[in-house]
Amino acid sequence: MTYSRIAGTGRYLPERVLTNRELETMVDTTEEWIRTRTGIERRHVAADTQGTSDLAEQAARQAMEAAGVTAADIDFLVVGTTTPDLVFPNVGCLVQRRLGIHGCPAFSLEAACSGFIYALSMADRFIASGSARCALVIGAETLSRIVDWNDRATCVLFGDGAGAVVLKPADEPGILSCHLGADGHYGDLLYHPYGTSRPQRPGDLERPYVQMKGNEVFKVAVKTLEGIVDETLAANHLERSAINWLIPHQANIRIIQATAKRLDMPMERVVLTLQDHGNTSAASVPMALDVAVRDGRVKRGDLLLLEAFGGGLTWGSALVRF
Ligand code: ACO
């Protein structure tokens with residue numbers, strides 16, 4: 001039996017940091033409201049010259065270096081993103097070209113904030129089936145491009161960035177299980193109205209920005225994440241105490257606290273980056289993982305629970321022996 005394991009991690013954050021204080025000068029908000037309601041203190045914003053693929057490329061280079069692999073080794077490339085540079089070529093192909101990788105499947109997939117978990121699950125299955133031997137899995141976003149900077153209810157939440165992992169085959173698991181879900185019936189709670197094919201609804205084109213019923217999303221997120229935590233533990237016949245680190249999607253500190261409570265896990269065992277990164281959608285989980293790997297908290301052999309929840313609505317988890 002072949003399993004996949006994470007051989008290296010990387011991340012990239014754009015240079016420009018936007019603080020809560022600066023947001024006070026842009027919309028009717030306060031530093032304190034943002035911090036206490038969300039946990040966010042600052043976020044990074046991509047330069048005008050940077051697209052999602054630029055961020056993804058840098059994160060990928062770091063992950064490849066950490067894994068000790070070169071472009072010639074990569075035979076599967078997937079990018080979770082909601083903010084592609086173009087409709088096509090997809091972000092996977094743009095990154096493939098930048099890195100000098102030729103011939104392997106390269107694609108991006110859209111599952112909003114769950115995009116990285118979805119992408120990780122795809123790559124894991126390709127490796128476990130023997131169809132790939134070295135997968136580059138990226139979550140990358142430039143959410144700053146699709147939020148309304150005049151809307152205090154959304155613009156204070158999001159940030160830009162990219163995280164990446166390299167997956168390689170192993171005799172022992174690695175990725176023990178991935179659990180994915182979605183419910184399109186909740187689509188209107190969180191969406192972006194601008195697309196290419198659907199006739200737009202009245203008013204959509206005047207507001208081509210993220211639209212969110214935050215309060216309702218919050219409630220579904222807490223309930224769904226509790227369910228997926230239970231599902232992941234049950235599928236692996238594990239007690240809650242077996243998990244060393246929770247690496248959650250970084251949307252709101254209160255959602256994360258609720259998940260940690262479900263796991264009976266002290267917040268010291270939860271990797272938090274939202275204070276510095278904001279909600280970076282598909283990039284948040286791989287960036288948080290990379291932060292904790294590089295600062296020495298996450299060590300080889302640790303059992304990690306990765307989870308995410310986002311527009312769609314979509315959700316997912318991955319249980320990982322690092
Ligand atoms: N500053 C000051 N006041 C604000 C701000 C702000 N930035 N934003 C909203 N408010 C006000 C509202 O207008 C409202 O005022 P009112 O009571 O006078 O009407 C009040 O604050 C409370 O608003 P709520 O929306 O009820 O605030 P809530 O406590 O729910 O926090 C938040 C809002 C932070 C958005 C929260 O609901 C949340 O985190 N939701 C989940 C987001 C999420 O998980 N999204 C999924 C991933 S994102 C993706 O997939 C792309």
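1. Let's start with a loop. P89 sits in the stretch between β4 (76-80) and α4 (91-99). The peptide bond joining F88 to P89 is cis, with omega at about -5°. Keep in mind throughout that this is a predicted model.

2. There's another cis peptide, and this one has no proline in it: G312 is joined to L313 with omega at about -10°. L313 is again a loop residue, placed between β12 and β13 (314-321). As for β12 itself, that strand spans 303-310 and is one of the elements that supply at least two residues of the shell around the ligand.

3. Now phi. A112 isn't a glycine, yet its phi is positive, about 50°. You'll find A112 in the loop that runs between β5 (106-109) and α5 (115-128). Is A112 buried or exposed? Its relative accessibility is 14%, so A112 counts as buried.

4. D264 also has a positive phi, about 55°, and is not a glycine either. This residue belongs to the loop between α8 and α9 (274-277). Unlike A112, which is buried at 14%, D264 is exposed, at 58% relative accessible area.

5. On to the ligand. How many residues surround the ligand? The count is 27, and the closest are T29, R37, C113, N215 and N252. By class, the shell splits into 14 nonpolar residues, nine polar ones and four charged ones.

6. Which parts of the fold build that shell? At least two residues each come from α2 (31-38), α6 (152-155), α7 (214-235), α8 (253-262) and β12 (303-310). The biggest giver is α7, which puts in four residues.

7. A few distances to look at in the viewer. R37 places a polar side-chain atom 2.7 Å from an oxygen atom of the ligand. R152 uses its backbone instead: an N or O atom there is 2.9 Å from a ligand nitrogen. W33 has a polar side-chain atom 3.4 Å from a nitrogen atom of the ligand. As for cover, the ligand on its own has 1000 Å² of accessible area, and the protein covers 74% of that.

8. Cysteines next. The disulfide count is zero. For C104, the nearest cysteine sulfur belongs to C93 and is 8.8 Å away, and C104 is in no disulfide. With a relative accessibility of 11%, C104 counts as buried.

9. Why does C155 have no bond to its closest cysteine sulfur? That sulfur is in C113, 16 Å away, and so it is too far for a bond. C155 is buried as well, with a relative accessible area of 0%. Its partner in that comparison, C113, is the one listed among the residues closest to the ligand.

10. Last, M287, which lies in helix α10 (residues 284-294). The relative accessible area of M287 is 0%, so this residue is buried. What is M287 in contact with, leaving aside its neighbours within four places in sequence? The list is R11, Y12, L13, G161, A162, G163, H277 and T280. V210 is not in that list; M287 and V210 are 77 residues apart in sequence, and their C-alpha atoms are 22 Å apart in space.

Key
Residues are numbered from 1 along each chain as its sequence is written. This is a predicted model: local features need pLDDT of at least 70, side-chain atom pairs count only at pLDDT 80 or more; totals for chains, interfaces and linings use all residues. Side-chain values use heavy atoms; hydrogens and water are left out. A residue is near a molecule or strand if one of its heavy atoms lies within 4 Å of it. A polar contact is a pair of N or O atoms within 3.5 Å; within protein, one must be able to donate a hydrogen and the other to accept it, and residues adjacent in sequence count only if both atoms are side-chain atoms. Accessible areas come from the Shrake-Rupley method with a 1.4 Å probe; for residues, only the protein chains shown count as cover. Ala, Val, Leu, Ile, Met, Phe, Trp, Tyr, Cys and Pro count as nonpolar, Asp, Glu, Lys and Arg as charged, and the others, Gly among them, as polar. A disulfide is a pair of cysteine sulfur atoms within 2.5 Å. Buried means under 20% relative accessible area, exposed over 50%, partly exposed in between (1.4 Å probe, protein chains only). Contact means heavy atoms within 4.5 Å.
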